[in-house]
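Q: Please take a close look at a single part of this model, the contact between its chains. A connected account suited to a first-year student would be welcome.

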Amino acid sequence: MSTARHRTFTTTRWTMVAAAGGAVDATSRVALEDLCRLYWPPLYSYLRRQGYDREAAQDLTQGFFAHLLARGDVGVADPARGRFRSFLLTALKRYAINEYTRSTAACRGGLVGALSLDFDDAERTHALGVGTHDTPERAFDRKWATLSLARALASLRAELVGAGKSDMAHVLLPYLTEASELAPYQETAMRLGMSEGAVKVAVHRLRHRFGAILRQQVSDTLLSPDGADDEIRELIRALAS
Amino acid sequence: MTCVRHPGVAAQGGHCGACLLEIALAAPSEDGAGLDSLEILLPLGSTDDTVVFLARDRWRGGRLVRLKAWRRAVSEDLLADVLDLHQRITALALPATSSSLEAGIDAHGHLYVVSEFRQGVPISSAAASLTAEVVSIAARTCSTTLEALHGAGIVHGAVHGGNVLVHPATSAVTLLDTGMRPLLAGVAGASAEDDRRALAQLMQRLGFSGA
């Protein structure tokens, strides 16, 4: 058994951005750009659910990020800083109210290449949700949750493929949850040339690894990883309600 | 695909999104190598086959945990059975059973189980200081817990004074190591009746008549 190790402070990407406060440096700017690049789709979903048409929502999304990245600071006293998710939505709401008219014209001319966003894909996923009773805020949270899950699944799959375990990824990832109509473990074991017990243990370890990946990605959007449990519970509520 | 626990939640890559998030909720804060995340604080006891420690789990927010390790090499098939047992016990959510957090095989091939630490003194050690009321509570708690376990097809297999903890202040009862002995010793004959008999004998030794 290992000897004691002191717990080290974990710096999340959002920590780096928020700690910079009003003083932008290269590290905090890169961190903010990374976060924006990953998490813009929920903003688009929010705007579309608000009633903005496709073009207006695209303009607002692009304009908002140009504004945010140009400013580079997140407001030292902003109470929404605890979570990047909350900060982003609050900032977008303010922007939409105060800046849209003034900034849109400037956006169209100056934003090409600022952030390359795939609006076609975002529009497709928005269309899937049309007709639900989601409020714009609920649409935002749901999209945030599904985006987080998709990223974690993709990361896990990439890890397995990178380790030369493509077959295992293909066969065992469906067992992450107790989805219906899965082949019995015995059958899967024979297919993989493993014992049934070894398959079950492998699935257990995959779940652990998936959970750790998702936790890390969620923690990256918080000021402190200690808030990960609460954030995950909120995302569960967003999906399940 | 419809999730029976979260109906209406859209599928995410073939999975229920809410179920995936629950996996993350149950996961440690970092993907540790099991034992490497533990800081051993003090030994809690040992036998010829096992050793038990109180530990702090760095990757579960520094919480206190109970680490039990067996001095025998086991196969992954057996580990899978242990994981399955723990999952079934956890699903019952019985107040008197502690949650298993992790089970694995260490570098020497030995089985270990990390579980939630519950404060308490083995009832056999505390016998002299226990009131009749506390013993009565312990008997009832163990009886109802065993009934629930048996109803789920789980036999404890090792009901004795060392596996029944009593909290010194609250008298809360915890039943430890449920189902492990039948699995590890391959005790095919262990039955629910054996559990009930063992509990009755334990309580008789503690002066509880069952009235």
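A: The following account describes the contact between the two chains and then turns to a strand within one of them.

The model is predicted. The contact draws 42 residues from chain A and 41 residues from chain B. The size of an interface is often given as the accessible area lost when the parts come together. Here chain A and chain B bury about 3,500 Å² between them, and 64% of that area lies on carbon and sulfur atoms.

Specific pairings can also be named. Between chain A and chain B the count is one salt bridge. In this salt bridge the side chain of A:R205 meets that of B:E76, at 3.1 Å from N to O. The count of residue pairs in polar contact between the two chains is seven, with both residues of each pair at pLDDT 80 or more.

The side of chain A that touches chain B can be described by its helices. At least two residues each are supplied by α8 (136–162), α11 (196–219) and α12 (228–240) of chain A. The largest share of this side, 15 residues, comes from α11(A). Sorted by class, the side of chain A that touches chain B holds 20 nonpolar, 11 polar and 11 charged residues.

Attention now passes to chain B and to its strand β4, residues 50–57. Seven of the eight residues of β4(B) are buried, so this strand is largely enclosed by the rest of the structure. Strand β3 of chain B, residues 38–46, is joined to β4(B) by seven bridges, and the two run antiparallel. Within this pairing, B:I40 has B:A55 of β4(B) as its bridge partner. The two strands β3(B) and β4(B) form a hairpin, with three residues between them.

Strand β4(B) is also joined to strand β5 of chain B, residues 63–73, by eight bridges. These two strands likewise run antiparallel. One bridge here links B:L54 to its partner B:R66 in β5(B). A hairpin is formed by β4(B) and β5(B) too, with five residues between them. In the turn of that hairpin, B:G61 has a positive phi of about 70°.

A final detail concerns a loop of chain A. A:D25 lies between α1 (13–20) and α2 (26–39) of chain A. Its relative accessibility is 39%, and A:D25 therefore counts as partly exposed. A:D25 and A:Y46 are 21 residues apart along the chain, and their C-alpha atoms are separated by 30 Å.

Technical notes. Residues are numbered from 1 along each chain as its sequence is written. Chains are lettered from A and ligands numbered from 1 in the order in which they are written. Side-chain values use heavy atoms; hydrogens and water are left out. Contact means heavy atoms within 4.5 Å. Buried area is the accessible area (1.4 Å probe) that two parts lose on being put together, summed over both. A salt bridge is a side-chain nitrogen of Lys or Arg within 4 Å of a carboxyl oxygen of Asp or Glu. A polar contact is a pair of N or O atoms within 3.5 Å; within protein, one must be able to donate a hydrogen and the other to accept it, and residues adjacent in sequence count only if both atoms are side-chain atoms. Helices (H or I, at least four residues) and strands (E, at least two) are DSSP runs, numbered from the N terminus. Ala, Val, Leu, Ile, Met, Phe, Trp, Tyr, Cys and Pro count as nonpolar, Asp, Glu, Lys and Arg as charged, and the others, Gly among them, as polar. Buried means under 20% relative accessible area, exposed over 50%, partly exposed in between (1.4 Å probe, protein chains only). Two strands pair if DSSP finds at least two bridges between them.
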